[in-house]
Amino acid sequence: MAGGGDINEAAVQAALVDRLSRFGWRFVPSGELERQLDDVMVESEVTAVLLRLNPVIAERPERAQDVLTRLRAVLLAVANDGLVATNEEMTAWLCGRRTMRFVDADEYVPVALVDFNDPSANELVVSTEVTYRPGLEERRYDLVLWVNGFPVVVGETKTPDSTSKSWFNGAKDIHGAYERKTPAFFVPNVLSFATEGKELLYGAVRQPPETWLPWSRTTELPPLPGLSSVLHSVGLLLSPQMLLEILRTYTLFSRRSSAAGGTEVKIIPRYPQVEAVEAIVARVRDPQRRQGLVWHHQGSGKTLLMAFAAAKLRQQGDLDAPTILMVLDRLELIEQLRSEFTSVGIPAMKVAETKEQLRRLLGEDDARGVIVTTIFRFAGAGLLNDRRNIVVMVDEAHRTQEGRLGLDMREALPNAKFIGLTGTPISTEDRNTWATFGDPDDPDGVLNHYSVERSIADGATLPIHVETRLVDFHIDAPALDEAFAELAAGEGLDEREAGLLAKRASRVDQVIKSPARVAAVCADIVSHYRAKIAPVGLKAQIVVFDRECCALYHEAITALLGPGEEATVVMTTAKDDPETWAAWDRDREAENRVRERFLDADDPLKFVIVTAKLLTGFDAPIEGVLYLDKPLRAHTLFQAVCRTNRRWTNPATGQEKRYGLVVDYVGMGTELARAVAVADTGQRKALPADVAELVDVLGGYVATAMARFTGIDRQANGFEQLYAAQERLADRAARDGFAEEFLRAQGLFEFLWPDTAIRPYEADYQWLARIYRSVAPTDAADRLLWHRLGAKTAELIHEHLSDITIVSGGLESVAVDAEVFEALRQMQLWPKDALEPTNPPTIDEALDRLETRLQAKLIGPNPHPVWRSLSERLEELRRAKVDSAAASVEFLKRLLEVARDVVTAERADEEGRLDEIKIVDPDRGALTQILEEYGPPGTPVVVENVVEQIDKIVRPVKGTGWQTSQPGDREVRVQLRLVLKNNGLLPQGDLFDRAYAYIAEHY
């Protein structure tokens, strides 16, 4: 197949049948199937399995006809109920979740149609060119897999010789023609696939072709296109064991709500989800290991993974009816989960919305099955249940599970198994996801890992592009100083008060909230959105500094919007907020309605303005852009920018979202690099071995401080207690002595917290803390000063803030795709043994480090030209003038490029191929030069022939806008790799990258 020219569509089909036969599928020509052309099922096979698997039917064989009548009714119902609904009903039948009471029978009995315990015991048939003709409509399916007479898989093949057709055309045939014109044949369908002999992608009924995905293994490198990789995928995906496992465990149906009422969709798994579930089940069965960490990229379906895992665990009879506790980060997901769990055979999902409900379910009721709650319900819970067959799965395991709440949860369930799921693990001095959930015996401390690079390469998520639109401004410092001096003199402020006021006024929020800046940023947001986002039908999320900014931005943006455009705010409100914020005081149900409006492509709500809410856990494929005007850090930033990485297709136009966009108004380039460079540093927050001794020391400190207050009635009301304590601290010496004692206890308490061993001292410590706060010096006078003069001071700042400009760094200043993520992790800007990847060196340190590495290469009379070139580029960076936000971003990009090239050159030098490092002549750029420069020396290839072949494959699509279509872009990449491979050239690396970049620009 790799050669392309000698394999036609029939040969692809034959290869598929041959591979399937090795896995237990028996080939039966379509003409030999015992069915009429208008039959969906092979009813003789259905009857046989009914008799074989159901003793109550075997006793009275005529009962099989009663079941067949019910199954035919499901097929006929597709005309009224739709394909997804009838597919869900037939799935329930195939999984044995439907019952019947036969005539003369006393009770309902389940009906078995598939032997899941022994997949090979089923009748497994593969046929090609299967015709189905219900009435006047006739369709021929290239390949069909039958299980006990049910058509569970339909495959469409295309010729590999055509440059204008691919798997995508086959997928469109299934989705756009077969499922619409002959839906009954797809009622029993588990999945469909399409291939042209180069790639194989699969999807569920009514799943848009552009969202179909490949099937592989996370432990394998992404395969090159070719028949061998297709056949490998067939063996992994379509073996009887995997196919029946997808049917029984990994198929669910979800109702996606919208303002129009909602749509039901069928969901089948991605291969990393299956791998993770199998790993979770194995860990639960392992008596020696209690926990595991599943690290899957944001947006790759971790919540669905939990549903699949719960279904799989419930099937394990040896676990003795386990309790599966799902700990979510927000309860808004519960209703969605309820329908999804029901569809995989878990109808009795219980919800613990309060501490009391959680205590009753786990304690008094000793409930089995699935329980959903949040981590906050475990606060101070104590022991709830010590059974061993309790499995706790924690979604977004990096957030709140690593402090006292996490310890409370483990104390409540001391013998449970804990599985953490995260897309952004943390490794810092005080929070470490690996330490909390990882097992040190797992590879890299992770039970299963699906990387961002692999997710993007598979098409499961989209690349993220970052556009810099940084806000520059000018402050007239002399005039501001003069105006401030007049204010201070007029108000009679002393030097300390004036300094305090100036310090408070110079905080960043005073600049961000400047009316001129707010107006400029909001005008830019609306203009940018209308020009680049709205035409695709996508929507926008705006992240601002704080809640006051939410209100300011909403007012400014609303004033700019026209008919059919709306904006709203989603934030937490408080009782003392301004009355104008009352419209945003929503309960959970009202907030869910806002989410539904945002997800509805036809709803005029285009902008959602937030400061904290919706930054994490908000699954909104329609979100095309995140306007970021707030500094974020580490995992919060990474999760926020990943709001835009979900795939989406405009339901009206069919136009695809090709990447998520982040528009940066605050200059987050360095922080983004930190966020995506998450790796376990080995740093563990562990107390020293003598922790018990430290706890005893804390007890002594607390006891010493408490001795001052012996005899005070701790049962009296709070005021009387504090008054009595303050009487014991009447003079300065007593207060200073108490402060020294308390602060010494405070330091040790904060070091030991949240260890549960300090609980015996917590009540006394907290009482001492209240006393300390009651006698500590107050800053009330300073707060009153700001309350009185803060507005005037801020107004001075705003009046002298001018020349506000928003500078665009270009649409794709930073393209955070799979290659960039990999490059960031391998950039080696700091040593491999650095304790903190989130604390990179300063710019000067990075320049010095690079210069040191280069100086060693420049020793001698004739250093290699590569080292001289890199040294010159580094010197240019040292001379560069960085005097604006935009310049700093450009400087960072150039520095990273030099660092990357230094590392590449060093690696080439070690391998004796430094002479291969070449620089493209800027005056040339044609494919010929690219091939000459980047093709390996001595390769027997005629450059003109290769250029001609490349031109031949891309010429037919020139000017069609293929770059904006994910299938089109994917197909060009595939064809380019094949041309290079067929001519003995490497289909990846610099040669491919340069050639593709040229094609994308000029074709």
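This passage walks through two sets of paired strands, one helix and the nonpolar cores of a predicted model.

The β5–β6–β7 region makes a handy starting point. Strand β5 (residues 139-147) pairs with β6 in the antiparallel sense, with five bridges between them. One of the residue pairs here puts L143 opposite G155 of β6 as its bridge partner. The two strands make up a hairpin, and just two residues sit between them. In that turn, N148 takes a positive phi of about 55°. On the β7 side the sense changes: β6 and strand β7 (residues 191-195) run parallel, again joined by five bridges. G155 turns up here too, with F193 as its bridge partner in β7. As for exposure, β6 (residues 150-157) is mostly covered, with eight of its eight residues buried.

The start of β7 leads straight into the nonpolar packing. L191 belongs to the largest nonpolar core, a set of 118 residues, and is one of the four that touch the most other members, along with F185, L238 and M393. Once neighbours within four places in sequence are set aside, L191 is in contact with V152, V153 and V154, and also with Y202, G203, L237, L238, L243, I246 and I268. Apart from this core lies another one, of 52 residues, including C549, I557, A567 and V625. As a rule of thumb, nonpolar side chains in soluble globular proteins tend to be buried together.

Further along comes an open sheet of seven strands, paired in parallel and ordered β13-β14-β12-β15-β16-β11-β17. Its edges are β13 (350-351) and β17 (448-450); each has a single partner strand, so one side of each is left without a neighbour in the sheet. For β13, the pairing with β14 (residues 369-374) is parallel and rests on two bridges. K350 has I371 of β14 as its bridge partner.

Helix α11 (residues 302-314) passes a simple geometry check. Its 13 residues, at 1.5 Å a residue, should span 18 Å, and the end C-alpha atoms are indeed 18 Å apart, so the two values agree. The helix is also largely enclosed by the rest of the structure, because eleven of its 13 residues are buried. The buried set runs from L304 through L305, M306, A307, F308, A309, A310, A311 and K312 to L313, with K302 buried as well. In general, residues three or four places apart on an α-helix point the same way, because there are 3.6 residues a turn.

Notes: Residues numbered from 1 in each chain as written. Predicted model: local features only at pLDDT ≥ 70, side-chain atom pairs only at ≥ 80, totals over all residues. Heavy atoms only, no water. Pairing = 2+ DSSP bridges. Helix = DSSP H or I, 4+ residues; strand = E, 2+ residues; numbered from the N terminus. Expected span 1.5 Å × (residues − 1). Buried < 20%, exposed > 50% of the residue type's maximum accessible area, 1.4 Å probe, protein only. Core = buried A, V, L, I, M, F, W, Y, C linked by side-chain atoms within 4.5 Å. Contact = heavy atoms within 4.5 Å.
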